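Work through these exercises with the model open beside you. Try each task before you read its solution.

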Amino acid sequence: MRNTLAIASRELTSFFYSPIAYVVTCLFMLLAGFFFLTVTFQPDQPAELRQLFTVIVWILIAVVPAISMRLMSEELRSGTIEPLMTSPVSDLQVIAGKWLGSLAFFILMLVPTIAYVIIIEIHADPDYGPILSGYTGLILVGGLYLAIGSFASTLTRNQIIAFILTVFTILIFTIAAALAPRFLPNSLAPVASYLNVNRQYDDFSKGLIDISNIVFFLSAIAFFLTLAVKALESRKWR
Amino acid sequence: MIEVQQLTKWYGPVLALDRINLHVPAGRIVGFLGPNGAGKTTTIRILTAFMPASAGSAKLNGHDVFSQSALVRDSIGYLPESNPLYSEMRVEEHLHHFGKLHQMPRNLRRKRIDELADHCGLSHIRRRLVGQLSKGNRQRVGIAQALLHNPPILILDEPTAGLDPTQITEIRKLITSLAGQKTILLSTHILPEAEKTCEQLVIIAAGKIVAQGTPDQLKAQVRQSARIIIELKADPLIVRDIFTKLPGVAEVQIDAMKKLPGADSRDGWCAAHITPNDPQSDIRESLGQTAQNHHWLIREMRHERASLEEYFIQITAPQSNIVAA
């Protein structure tokens, strides 16, 4: 556990050294701010962030892979994987540490959106239940996308390829899962629906924290992190 | 301490290591030499549990690198060839990070880092970013990192590559100061350094171990391992004739046109390269006496021992052609 936290804290601080982190955060805030003004902060709109959160889940498809693309790829490219993997750490500790570090950064990236909460609080009387559950859902979605990104990053030393692989995989879980039911036989359509991240997020945005949604996210995160650990372990067999 | 048996490694269709056997006893400094591409770094990566072998076994400190890799990694301090470091961290942070990964508690870490800062000459750069360090300083950080958790085995891959002579001497003093306390496997192709630092040398070429022994043992195996060179004022052919007939002389080569820059021209000086029968014997006295008897003027006589370079080139020559191709 201590190893995992050591790796996580190193990863988190190293994010702030790279320009990517700042660029990504600024772009995210620009987009989120734009949608806040045009969607939420309009006359006659309800004092809720629900639509904004739904849009943000779509924005994350482009933003989160930019955070995760360097997790393992940078170590592979610069060679620092050698001193790392020859220390007494396990593959699981490395992956979990990096994922946690990037998740911590992701949460920090979300923090400025509290400004929107403050703004609508000043002008109206928002319901905090859906806001809190909305943020919880966002963290789960971010965690899932970061897990996918961690796996993609273990596969290549090229960050661009890691980014592209992550985006494509996420698109399968969002767009493909949304469109697939039309083309699948009736027995399989619910499977595709179940795998649709936006659908799973829906309850969170409404203020519902449903255990079935949490189970989806946690198991999907576990699935991709396991794949990442296996990819790292496979070095032993090559 | 380090036991390697029949270690083999295939990179696809290419055989990189061909049944290597290696034994490094505890407390010794062993040099691992070889031309580029011979398999030094491959062997080291297998020993540090970074890469798996295709066949054979390796045990460090009694633990097998494949089945007990975490225990192996606990027992080693490793300096990789290109010494990759996290360039965005400060020197101190870097050492703390790896100290944490070796389960060192905070107080112990602090104490060790203070000690190593002195020992490795890092005190003045503790707060500097690793990415801003010169090569010599990066190397020192890498060595400090390898020594941090006080492992019984140190594996150093080209620790002095790219350093200037002063730095090389410092690193050498550091390494030799650890002799007896730690078992050190040091890979290099800087032969004079290997000779001065290591008690024992292992030479690998094209994936096979071609020689093992102390530096003196290896040098003694060079053909023409010792030579006497005399510069005489005499007829070259006569000199060759006389010297060849002397007891204890195996071979004489004459260099007739020996010109010193700035000296008067040829004017009768020649240089005789004499190989004795027994490299250990000293035939200078009989050579000097012979020259005196024939009234030859001597202006220089020197005793040349074969260098490790010559041995290295001889022993790796046939293989190095294959490696180059």
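A crossing is left-handed if the near helix is turned anticlockwise from the far one by less than a right angle, and right-handed if clockwise. Helices (H or I, at least four residues) and strands (E, at least two) are DSSP runs, numbered from the N terminus. The model is predicted: local features need pLDDT of at least 70, side-chain atom pairs count only at pLDDT 80 or more, and totals for chains, interfaces and linings use all residues. Residues are numbered from 1 along each chain as its sequence is written, while chains are lettered from A and ligands numbered from 1 in the order in which they are written.

**Exercise 1. Describe how α6(A) packs on α12(A).**

Step 1. Two packed helices are described by the angle between their axes and the distance between the axes. Axes are lines fitted to C-alpha atoms, for helices over the stretch in contact, and angles run from 0 to 180 degrees between N-to-C directions.

Step 2. Take the values. Helix α6 of chain A spans residues 91–110, and helix α12 of chain A spans residues 211–233. Their axes lie 9 Å apart, at an angle of about 135°.

Step 3. Classify the angle. Under 35 degrees counts as roughly parallel, over 145 as roughly antiparallel, 65 to 115 as roughly perpendicular, and the rest as oblique. α6(A) is therefore oblique to α12(A).

Step 4. Add the hand. α6(A) and α12(A) cross in a right-handed way.

Step 5. List the contacts (C-beta atoms, placed from the backbone, within 7 Å). α6(A) brings A:D91, A:L92, A:V94, A:I95, A:A96 and A:W99. α12(A) brings A:L225, A:A228, A:V229, A:L232 and A:E233.

Step 6. Sort the residues. Ala, Val, Leu, Ile, Met, Phe, Trp, Tyr, Cys and Pro count as nonpolar, Asp, Glu, Lys and Arg as charged, and the others, Gly among them, as polar. The contact of α6(A) with α12(A) has 9 nonpolar residues, 2 charged and no polar.

**Exercise 2. Do the same for α3(B) and α5(B).**

Step 1. Helix α3 of chain B covers residues 91–101, and helix α5 of chain B covers residues 135–147. Their axes come within 9 Å and cross at roughly 25°.

Step 2. That angle makes α3(B) roughly parallel to α5(B).

Step 3. The crossing of α3(B) past α5(B) is right-handed.

Step 4. From α3(B), the contact uses B:V91, B:H94, B:L95 and B:F98. From α5(B), it uses B:V141, B:A144 and B:Q145.

Step 5. By class, the contact of α3(B) with α5(B) has 5 nonpolar residues, 2 polar and no charged.

**Exercise 3. Is B:N83 buried or exposed? Compare B:N150 and A:L110.**

Step 1. Set the cut-offs. A residue is buried if 20 or more other C-beta atoms lie within 10 Å of its own, exposed if 12 or fewer, and partly exposed in between; C-beta atoms are placed from the backbone.

Step 2. B:N83 sits in the loop between β6 (76–79) and α3 of chain B. Its phi is near 45°, positive in a residue other than glycine. B:N83 has 24 C-beta neighbours inside 10 Å, so it counts as buried.

Step 3. B:N150 sits in the loop between α5 and β7 (153–157) of chain B. B:N150 is not a glycine, yet its phi is positive, about 55°. B:N150 has 13 C-beta neighbours inside 10 Å, so it counts as partly exposed.

Step 4. A:L110 belongs to helix α6 of chain A. A:L110 has 19 other C-beta atoms within 10 Å, so it is partly exposed.

**Exercise 4. Place B:L186 in its surroundings.**

Step 1. B:L186 lies in strand β8 (residues 183–188) of chain B.

Step 2. B:L186 is buried because 25 other C-beta atoms lie within 10 Å.

Step 3. Leave out residues up to four places away in sequence. B:L186 then touches B:I29, B:G31, B:F32, B:L156, B:P159, B:I175, B:T197 and B:C198.

**Exercise 5. How many residues of chain A are in contact with chain B?**

Step 1. 18 residues of chain A contact 19 residues of chain B.

Step 2. On the chain A side, α1 (2–15) and α5 (81–85) each give two or more residues. α1(A) gives the largest share, 5 residues.

Step 3. The side of chain A that touches chain B divides into 7 nonpolar, 7 polar and 4 charged residues.

Key: Two residues are in contact if their C-beta atoms, placed from the backbone, lie within 7 Å.
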